[in-house]
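Reader: I would like to learn how to read the features of a model like this one, step by step. Could you take me through them, giving the general idea before each case?

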Amino acid sequence: MKMDVLLGLQWGDEGKGKIVDVLAPQYEVVARFQGGPNAGHTLEFDGIKHVLHQIPSGIFRSQILNIIGNGVVLDPIILKKEIEGLGKFSIDYKKNLVVSKKATIIIPTHKLLDAAYEQSKGDKKIGSTLKGIGPTYQDKIGRSALRIGDILSPDFREKYDTLLAKHKTTLSFYDFSLDALPEMEKQFFDAVEFIKTLNLIDSEYVVNEALAAKKKILAEGAQGSLLDIDFGSYPYVTSSNTMTAGACTGLGVAPSRIGEVFGIFKAYCTRVGSGPFPTELFDETGEAMRKEGNEFGSTTGRPRRCGWLDLPALKYSIMINGVTQLFMMKADVLNIFEEILVCTHYELPNGEKIDRLSFEIAEIDAKPVYRKMKGWNCSLKEVSSYDQFPEELKGYVTFLEEELQVPIKLVSVGPDRTQTILR
Ligand code: GDP
Ligand code: IMO
Ligand code: MG
C-alpha cells in the first residue's frame, strides 16, 4: 500500500482543509507532516465553519486516525485550545488523535524571537504569522530544540531552562520586552500537562505498520510549494519543506511508498505576507477577487494579496512535487468576471519571453504575459456535475490541463463539503 499526499501548489490557503475533509471517507489515516499553527485549514459542513491549525483535517470523521507527525512544530497552548474548541463535536481524542514523540515543541520564547526578528527586519519583514515557526525549526536543525517525547522525561524542566537561557541571551540583543513571558509560560506548562494526557506515539512505526496492514493514508500538507524553504520565494518563505519530499521526512515514509500526489490550486492566486508575486493585481479587479473570495487569512485575518493564475509557477510546483492529479479550487470566485486572464509566460525587460519560474524575475521587473479568456460570468450554485458547467468554465479547465499536462480531477465551486465536483 502507498501513501497519498495532498498539498498546496501556490502560496498556501488553496483549500487543503476542505479537500482533506471531502476525501477523508476514502482513508483510514490522515497525517500532518510539516508546519505548525501558522496553518489555518477551513472546513465547512452542515452549516458549521471550522478552522484547524495543528489538528489534521480528518478529525471530524470518526473512523479516521489523525496523526501529528514528527515534521510538525507543535504549540502545546494552541493544541489545547484547539481541542477545547472542538468540545461540542464529541470527538474521542484518545482514539482519533495521536502525536509523534519526535514532533518539535514551540516554546513561548520562540514566539518572542519570531516577533523580535521580524521587528528588526523593518521593510524586509517576511510577514510571518508570528507563531514561532522559524525560530523553532532553527532550534530543531541546530539540535537544541525540545521534542514532544521530552515532556515525559523527569528532567524536562531542566532542558526547558537551558533552551530558555539561550533564547534570553539572543533576545537581549534586540530591543524587545519580555513582559508577556511569565503569563505565556504559565499557559505553556499548563498545556504541557494536558498534552501528557494525549496519545504520544512513535508515529513512524504507526504509519508504516498501517501501510503494511493495507490501510489507506492521506498526508496533509500545510502552506504551499511557493513557500517551501528550498524552492519557494526565498527568503519570503516558511521554514519547512512543504513539498512531497517533506511528507517522507515528516512522517518517516520512504519515497518509494508515495502513491498519488494531489496538487491543489486556486483558479487564481493569493498570497498573504511579503515577497514576490508576479501576477499580483493592485487595482479594482484584485479588490473584487479579495471581496468575492473572502480572501482574508484564516490564521491572522490579514487581507490576502490577489492576482491571476500563474502557469509558470504552477508548472514549477507540479514538477518539484510529482503531482499526479490536480484539484482546482474556488472556481466560483471567478464568476464575477467577464474576462479571465492567465499568465502563460513572463517577458523580460529585453523583450525575451520565458516560462520558467525564477523569483528574481520579480526583482528585475519581468512582466507577466497573459492569455485572455472569456469568463462564464454566471452563478455555479445550481451546478452538481461537470457536464452542467458553463462551456467557458469547461474551456478554462481543458486549457489548463493542456498547459499543465496533469488531469484536473476535481473542481471546487464553494466552501461547503458538498460544493465539490469530481470528474
Ligand atoms: P487551506 O489553508 O489550504 O486549508 O485554505 P484556507 O482554509 O486557509 O482558505 C481557503 C478558504 O477558501 C476558506 O475560507 C474556505 O472555506 C474557502 N473555500 C474553499 N474552497 C472554496 C471554493 O471552492 N469556493 C469558495 N468560494 N471558497 C472556498
Ligand atoms: P496554510 O496551511 C498562507 C506565510 C506567512 C508568511 C510566510 C512565513 O493555511 O495554507 P511563518 O509564520 O511560517 O514564518 O510565515 O508564510 N504562511 C502562510 N500563508 N497559508 C499558510 O498556511 C501559511 N503559513 C505561513 O504569511 O508570508
Ligand atoms: Mg490556510
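**Reading the ligand and metal sites**

Author: Let us begin at ligand 1, where an oxygen atom of ligand 1 lies 2.5 Å from an N or O atom in the side chain of Thr-42. A polar contact is a pair of N or O atoms within 3.5 Å; within protein, one must be able to donate a hydrogen and the other to accept it, and residues adjacent in sequence count only if both atoms are side-chain atoms. This is a predicted model, in which local features need pLDDT of at least 70 and side-chain atom pairs count only at pLDDT 80 or more, while totals for chains, interfaces and linings use all residues. Residues are numbered from 1 along each chain as its sequence is written, chains are lettered from A and ligands numbered from 1 in the order in which they are written, and side-chain values use heavy atoms, with hydrogens and water left out.

Reader: Which residues are the closest to ligand 1?

Author: A residue is near a molecule if one of its heavy atoms lies within 4 Å of it. Ligand 1 is surrounded by 20 residues, of which Lys-16, Thr-42, Ser-298, Asp-332 and Ser-412 are the closest. A polar side-chain atom of Asp-332 is 2.8 Å from a nitrogen atom of ligand 1, and a backbone N or O atom of Gly-40 is 2.8 Å from an oxygen atom of ligand 1.

Reader: What are the protein donors of the magnesium ion?

Author: Donors are N, O and S atoms within 2.8 Å of the metal (3.2 Å for Na, K and Ca), and sites may look incomplete because water is not among the atoms. For the magnesium ion (ligand 3), the protein donors are Asp-13 (OD) and Gly-40 (O), at 2.0 to 2.2 Å. Asp-13 lies in the loop between β1 (3-8) and α1 (16-23), and Gly-40 in the loop between β2 (29-32) and β3 (41-45), so the pair ties together parts that are 27 residues apart in sequence. Helices (H or I, at least four residues) and strands (E, at least two) are DSSP runs, numbered from the N terminus.

Reader: Is Gly-40 buried or exposed?

Author: Buried means under 20% relative accessible area, exposed over 50%, and partly exposed in between (1.4 Å probe, protein chains only). Gly-40 is buried, at 9% relative accessible area, whereas Asp-13, at 22%, counts as partly exposed.

Reader: How many residues of helix α2 are buried?

Author: In α2 (residues 76-85), seven of the ten residues are buried, so this helix is largely enclosed by the rest of the structure. Among the buried residues of α2 are Lys-80 and Glu-82, along with Ile-77, Ile-78 and Leu-79. At the start of α2, a side-chain oxygen of Asp-75 reaches to within 2.9 Å of the backbone nitrogen of Ile-77.

Reader: Where is Glu-295 found, and which side chains does a polar contact join to that of Glu-295?

Author: Glu-295 is in the loop between α10 (284-292) and β13 (305-307), and is buried, with a relative accessible area of 0%. Its side chain has a polar contact of 3.0 Å with the side chain of Lys-266, and one of 2.6 Å with that of Arg-304.
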